[in-house]
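Trainee: Could you take one part of this model and go through it closely, and then place it in the whole?

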Amino acid sequence: MEHIPAQGGGIVCPNHTSNWDPPLVGTHIPRELRFMAKEELYRMAFLRWLLPLLGTVKVNREENDRDAMRQVLQYLQKGDLCVIFPEGSRYRDGELHPFLPGAAYFALKTGVPLIPLALVGDYQRRQSTLQFRIGQPLYPPLQKTPKREDIEAWTEALYQAVRKLQEG
């Protein structure tokens, strides 16, 4: 937990293998967190009521959701921690899948750190131990207009950091 900043903005970037990932991350990091949540979750009555109370950002993954991007940027600029699952979806095969560029873009645009996090363990087996492995924050330089090659380079650096944590 020493890699989680006590204050100021940051982007926590875990791998995503289970529906349990968001609540587990949310209950183990000792700060208020903002999560990006796919808009499909808001179709369920209970979650449609609960998710806004938890400070989630509803995102349409099928398009460039400018409202969601604006909201995340505002949270980061005011010093909040946001959780973005950089794989963009949940994968149950245990493999780390390519990362989407959103987390790196937000970090470059706001100057906040990327915080790699690997969730390791099989949630389906009771005898399995779940491990949270949080890596050293990555500090991309602030760029008013992030360049594509910088976004790609920081996305790759984040991917490698999470992969290294996953491997132990």
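Mentor: Leu53 lies in helix H2, which spans residues 45-53; helices here are DSSP runs of H or I with at least four residues, strands are runs of E with at least two, and both are numbered from the N terminus. Because its relative accessibility is 57%, Leu53 counts as exposed, where exposed means over 50% relative accessible area, buried under 20% and partly exposed in between, with a 1.4 Å probe and protein chains only. Together with Phe46 and Trp49, Leu53 forms a nonpolar surface patch with about 390 Å² of accessible area. Such a patch joins nonpolar side chains (Val, Leu, Ile, Met, Phe, Trp, Tyr) within 5 Å, from residues with over 30% relative accessible area and no salt bridge, that is, no side-chain nitrogen of Lys or Arg within 4 Å of a carboxyl oxygen of Asp or Glu. The model is predicted, so local features need pLDDT of at least 70 and side-chain atom pairs count only at pLDDT 80 or more, while totals for chains, interfaces and linings use all residues. Residues are numbered from 1 along each chain as its sequence is written, and side-chain values use heavy atoms, without hydrogens and water.

As for the whole, the protein has 5 helices and 6 strands, which follow the pattern β-α-β-α-β-α-β-α-β-β-α along the sequence. About 9700 Å² is exposed, 51% of it supplied by carbon and sulfur atoms, with areas taken from the Shrake-Rupley method and a 1.4 Å probe, whereas 46% of the 168 residues count as buried.

Terms used:
Patches are made of residues with over 30% relative accessible area and no salt bridge: like charges are joined within 9 Å, nonpolar side chains (Val, Leu, Ile, Met, Phe, Trp, Tyr) within 5 Å.
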